[in-house]
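Got the viewer open? Switch to a cartoon view, keep the selection box handy, and follow along.

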Amino acid sequence: MKKFLVATILAVSPLSAYAQSSAQRPRITGIDHVSFNTTQPDGVKQLYVGVLGLTSAEPIETGETVRYLVGKQWVGYSPAPDTKSTSRMDHVAFSTDNLSQLHAYLAAHSIKVQPIEEGSDHSHSFVAIDPEQNRIEFVERHQSASLPKLPETAISRHMIHVGFLVHNRDTEDHFYRDLLGFHLYWHGGMKANETDWVAMQVPDGTDWLEYMLHQPEHPDQRLMGVLNHISLGVADMKRAQALLESHGWKPHDGEKAQMGRDGKWQLNLFDPDFTRIELMEFKPVEKPCCAEFTGPHPSE
């Protein structure tokens, strides 16, 4: 009998260890925030508050000096640690409903993760490093933090996607699709038979991450600012542009409303360090090129 019990324990133990290492991935519901570096904070403030009509808030992460609120999401800025760096993107953060479980899940799959930390707003977060060395943060907010009410002049209340340069789609897909459960929302390119952009939607929401493909190995700062970008959702681009103009904005340097290859109206603005802030309508008004949409569209 003792031999049977020992044998049973030995047989069960590996299964138990496997179950622990194969913990289910918790929900990932959307973009929490995106953080950039800047060399011109006053110019950034003029863009986000003066032109986009957003509200600034006190920083809650180490090193940041200001946040600009987009509904419950935000865009953070901090001084550029290296003014010669071509990239101004610091990190991208996604929301989850079970941070400790996600931390254990990624660690069990040999993903480099940093310790869980508590923010000044009592949220908890950790940073993981994706296959192309991008800093990806995951955040769980245990309570509804008090946020200033957005003014009527705010251009958007929903950051619908974030994009960055990707050199190898296959390795990024292993991280975002295979491990995190992101799924294809749309893909397209400048030519119908090419794929330059891949929109990977979060598994439990409508926000997405856009791979920016087929770029030079070492883009300069201006091109990198186009690639590493955020997108603010708007319901009507004509109304959005009228609101920008009422704030004193005038089109320049290619900043104009145009139809995207995905059939959605878009308008690009740039901060002083060339980081692109894209306004995009929530839904397409024309048939997209290249591929059909395979997920739900975002909304206000």
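**Stop one: the open sheet**

Start with the eight strands that make an open sheet with mixed pairing, ordered β2-β3-β4-β1-β5-β8-β7-β6. Its edge strands, each paired on one side only, are β2 (55–57) and β6 (117–118). Before you go further: this is a predicted model, where local features need pLDDT of at least 70 and side-chain atom pairs count only at pLDDT 80 or more, while totals for chains, interfaces and linings use all residues. Residues are numbered from 1 along each chain as its sequence is written, and side-chain values use heavy atoms, with hydrogens and water left out.

Two terms for the sheet: helices (H or I, at least four residues) and strands (E, at least two) are DSSP runs numbered from the N terminus, and two strands pair if DSSP finds at least two bridges between them.

Now select β2 together with β3 (residues 66–70): they run antiparallel, joined by three bridges. Click Ala-57 and look across to β3, where Arg-67 is its bridge partner. Then add helix α2 (residues 41–51), which packs on the sheet and touches β1 (28–38), β2, β3 and β4 (73–79). Contact here means heavy atoms within 4.5 Å. The direction of α2 makes about 15 degrees with that of β3; axes are lines fitted to C-alpha atoms, for helices over the stretch in contact, and angles run from 0 to 180 degrees between N-to-C directions.

**Stop two: Arg-88**

Which loop holds Arg-88? Select the one between β4 and β5 (89–96). Arg-88 counts as buried, because its relative accessibility is 6%; buried means under 20% relative accessible area, exposed over 50%, and partly exposed in between (1.4 Å probe, protein chains only).

Show its side chain as sticks. The side chain of Arg-88 makes a polar contact with that of Asp-273 at 3.1 Å, and also reaches the backbone oxygen of Thr-83 at 3.3 Å. A polar contact is a pair of N or O atoms within 3.5 Å; within protein, one must be able to donate a hydrogen and the other to accept it, and residues adjacent in sequence count only if both atoms are side-chain atoms. Leaving aside neighbours within four places in sequence, the residues in contact with Arg-88 include Ser-35, Phe-36, Gln-221 and Thr-275.

**Stop three: strand β9**

Next, select β9 (residues 159–165), where seven of seven residues are buried. Bring up two partners. With β13 (residues 229–234), β9 pairs in the antiparallel sense over four bridges; Val-162 has Ile-230 of β13 as its bridge partner. With β12 (residues 208–212), β9 pairs in the parallel sense over five bridges; here Phe-164 is matched with Tyr-211.

**Stop four: His-187**

Move to His-187 in strand β10 (residues 183–188). Its side chain makes a polar contact with the side chain of Thr-195 (3.3 Å). Not counting residues up to four places away in sequence, His-187 also touches Trp-197, Val-198, Cys-289, Cys-290 and Ala-291. For a distance to try, pick the C-alpha atoms of His-187 and Met-200: they are 8.8 Å apart, with the two residues 13 apart along the chain.

**Last stop: zoom out**

Select the whole protein chain: its secondary structure comes to six helices and 16 strands. Buried residues make up 48% of its 300 residues. Among contacts between residues at least 6 apart in sequence, 64% join residues at least 24 apart. Along the principal axes, the C-alpha atoms fill a box of roughly 85 × 45 × 35 Å.
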